[in-house]
Number of protein chains: 2
Amino acid sequence: MTIRVLIADDHKLFRQGLISLMNTRQDLVEVVGEAESGEEAIKLAEQLKPDVILMDIYMPQGDGLQASKVIHGRFPEIAIVILTSSEKDGHLYEAVQTGVSGYLLKSLDAEELFGMLEGVTRGEAAMTRAMATRLLKGVANRMVVEEKGESSLTERELLVLRLVASGASNPEIAESLSISVNTVKSHLKNILEKLQLDNRTQAATYALKRGLVSPRDK
Amino acid sequence: MTIRVLIADDHKLFRQGLISLMNTRQDLVEVVGEAESGEEAIKLAEQLKPDVILMDIYMPQGDGLQASKVIHGRFPEIAIVILTSSEKDGHLYEAVQTGVSGYLLKSLDAEELFGMLEGVTRGEAAMTRAMATRLLKGVANRMVVEEKGESSLTERELLVLRLVASGASNPEIAESLSISVNTVKSHLKNILEKLQLDNRTQAATYALKRGLVSPRDK
DNA sequence: AGGGATATCACCCGTTGGAGTGAGAAAAAA
DNA sequence: TTTTTTCTCACTCCAACGGGTGATATCCCT
């Protein structure tokens, strides 16, 4: 019985490369479809019912995480493995929460990929050690966060976060709060650490999505 | 007849300074109240019905622009003058759209401020030449934008904007779109110019507020 | 009295961001 | 067929950002 795989990635070349790679192990896997966007991935997942979906994050028309959430909600039996390119992207936590079965880097070796695919169909999680380590740290952090109730951000940090979300730079925030830029950076550093984010832009969208800030409509 | 002024600024010292300044011209102006937040400003505007509100932008609990919108909606007879500190902040366009009567810098001279206040009560706009110039350029730009239908952003720019809103860095965007970092910067520069924004964080919140991106809930 | 969390700030350092300028190629519109 | 728009990229330059480390003072809690 071969593993039926759906590939979702907007890079045609990457898809083709993967397919030819898969074809070298036709005893093990079979590529049953390709999607160029998140939306297409959802559609094909429904039509093809693959065993595994290899999903990129950045895609036009519905990114991979959103698509993963939808697919996992409707077809929990389909294993979704995120295949991303950047080593340090802050989507790991978001991804595991959407119910994906794995989170791998494109720098992965072909043999490792096959091994992961086998494991995934047996219900194991697909993840490199480095990712797992990051995840554990993150989870530990989150637990601290949650048991503290709400966001665990201090008042001061919330103030800084709101200003970040308003598009203010660190010097502007410093002036607004009458503190030094160093202190602003210190607060922001703690915010990013607590929320497991990579940069101020993610912090801003985080704040908006959670209504920590007044989304001045329009 | 003196001009009744409400001061809304979270910096107590600044408020007090302004008040003592105002008291030197009791023949002209009278400070009838102080607010430390946007919410308080709305409340006091209703209670006191001042002639003019001097409003800061960055404030905890409801920023000045939001408060301005509410107040202008309910009491259009009250003139609102934004008093901000940073020379180059991208809220100018947002501010004028909320119906404020003026947009001044805190670096303003006291005599100029009094002059502006007199003008405002006569229905004139309060604005420095520099601000007016920036505004005109912006309006000209906006008109180009609007007659082009929708956002005037090109496809490529929209793609970049979505990635920016997802919290991706320029190198990450470059890799995702298979173009150079220089090109990403070029696109982003054009985006910021077209939308009259200052930085990528503002671009991200812009995208979120307008639903250009899938706000992955949560 | 001691421990932990908070808020403040300094210094270093490498990377990123954004402004400015210029320019070429291809596609679309005039 | 010109002209304009779009997309691409290079190069410089400086400010801003973010990581890391460490320090001090305050306050709260036990």
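Tutor: Two residues are in contact if their C-beta atoms, placed from the backbone, lie within 7 Å. This is a predicted model, and in chain A residues 24 or more positions apart account for 62% of the contacts with a separation of 6 or more.

Student: How many helices and strands are there in chain A, and what share of its residues count as buried?

Tutor: Chain A has ten helices and six strands. Buried residues make up 40% of its 218 residues.

Student: Which residues have the most contacts inside the largest nonpolar core?

Tutor: They are Ile53(A), Met55(A), Val81(A), Ile53(B), Met55(B) and Val81(B), in a core of 110 residues. Val81(A) shows what such contacts look like: with neighbours within four places in sequence left aside, its partners include Val52(A), Ile53(A), Leu54(A), Met55(A), Val100(A) and Val120(A).

Student: Why is Ser20(B) called exposed?

Tutor: The limit for exposed is 12 or fewer other C-beta atoms within 10 Å. Ser20(B) has 10 C-beta neighbours inside that distance, so Ser20(B) counts as exposed. Ser20(B) belongs to helix H1 (residues 12-23) of chain B. Its C-alpha atom and that of Val31(B), eleven residues further apart along the chain, are separated by 9.5 Å.

Student: What makes Lys49(A) partly exposed?

Tutor: The partly exposed class lies between 12 or fewer and 20 or more. Lys49(A) has 13 other C-beta atoms within 10 Å and is therefore partly exposed. Lys49(A) is in the loop between helix H2 (38-48) and strand S3 (52-55) of chain A.

Student: What is the phi of Lys49(A)?

Tutor: Its phi is positive, about 45°, although Lys49(A) is not a glycine. Most residues other than glycine have a negative phi.

Student: Which value of phi does Ser178(B) have, and why is Ser178(B) called exposed?

Tutor: Ser178(B), also a residue other than glycine, has a positive phi near 55°. With 11 other C-beta atoms within 10 Å, Ser178(B) is exposed, since 12 or fewer is the limit. The loop between H8 and H9 of chain B holds Ser178(B).

Student: What makes H8(B) and H9(B) roughly perpendicular?

Tutor: The range for that word is 65 to 115 degrees. The axes of H8(B) and H9(B) cross at roughly 105° and come within 8 Å, which makes H8(B) roughly perpendicular to H9(B). On the H8(B) side the contact is made by Asn170(B), Pro171(B), Ile173(B) and Ala174(B), and on the H9(B) side by Val181(B), Val184(B) and Lys185(B). Five of these residues are nonpolar, one is polar and one is charged.

Student: How do you know that H7(B) and H10(B) are roughly perpendicular to each other?

Tutor: Their axes come within 8 Å and cross at roughly 100°. That value falls in the range of 65 to 115 degrees, and H7(B) and H10(B) are therefore roughly perpendicular to each other. Leu161(B), Arg162(B), Val164(B) and Ala165(B) of H7(B) meet Arg200(B), Ala203(B), Ala204(B), Ala207(B) and Leu208(B) of H10(B). The residues of this contact divide into seven nonpolar, no polar and two charged.

Student: What makes helix H10 of chain B mostly covered?

Tutor: Eight of its ten residues, in the stretch 200-209, are buried; each has 20 or more other C-beta atoms within 10 Å. Among them are Arg200(B), Gln202(B), Thr205(B) and Tyr206(B). The buried residues of H10(B) pack against H7 and helix H10 (200-209) of chain A, and against H7 and H9 of chain B. After H10(B) comes Gly211(B), with a positive phi near 65°.

Student: Which residues come nearest to DNA strand C?

Tutor: Of the 20 residues around strand C, these are Thr154(A), Ile179(A), Ser169(B), Asn170(B) and Asn199(B). H9(B) gives the most to the surface near this strand, with five residues. Helices H7 and H9 of chain A and helices H8 and H9 of chain B each supply at least two. The surface has four nonpolar, ten polar and six charged residues.

Student: Which residues are closest to DNA strand D?

Tutor: Ser169(A), Asn170(A), Asn199(A), Thr154(B) and Ile179(B) are the closest of the 20 that surround strand D. Here H9(A) gives the most, with five residues. At least two residues each come from H8 and H9 of chain A and from H7 and H9 of chain B. The surface near strand D divides into four nonpolar, ten polar and six charged residues.

How values were computed:
Residues are numbered from 1 along each chain as its sequence is written. Chains are lettered from A and ligands numbered from 1 in the order in which they are written. This is a predicted model: local features need pLDDT of at least 70, side-chain atom pairs count only at pLDDT 80 or more; totals for chains, interfaces and linings use all residues. A nonpolar core is a set of buried Ala, Val, Leu, Ile, Met, Phe, Trp, Tyr and Cys residues joined through C-beta atoms within 7 Å. A residue is near a molecule or strand if its C-beta atom, placed from the backbone, lies within 6 Å of it. Helices (H or I, at least four residues) and strands (E, at least two) are DSSP runs, numbered from the N terminus. Ala, Val, Leu, Ile, Met, Phe, Trp, Tyr, Cys and Pro count as nonpolar, Asp, Glu, Lys and Arg as charged, and the others, Gly among them, as polar. Axes are lines fitted to C-alpha atoms, for helices over the stretch in contact, and angles run from 0 to 180 degrees between N-to-C directions. Angles under 35 degrees count as roughly parallel, over 145 as roughly antiparallel, 65 to 115 as roughly perpendicular and the rest as oblique.
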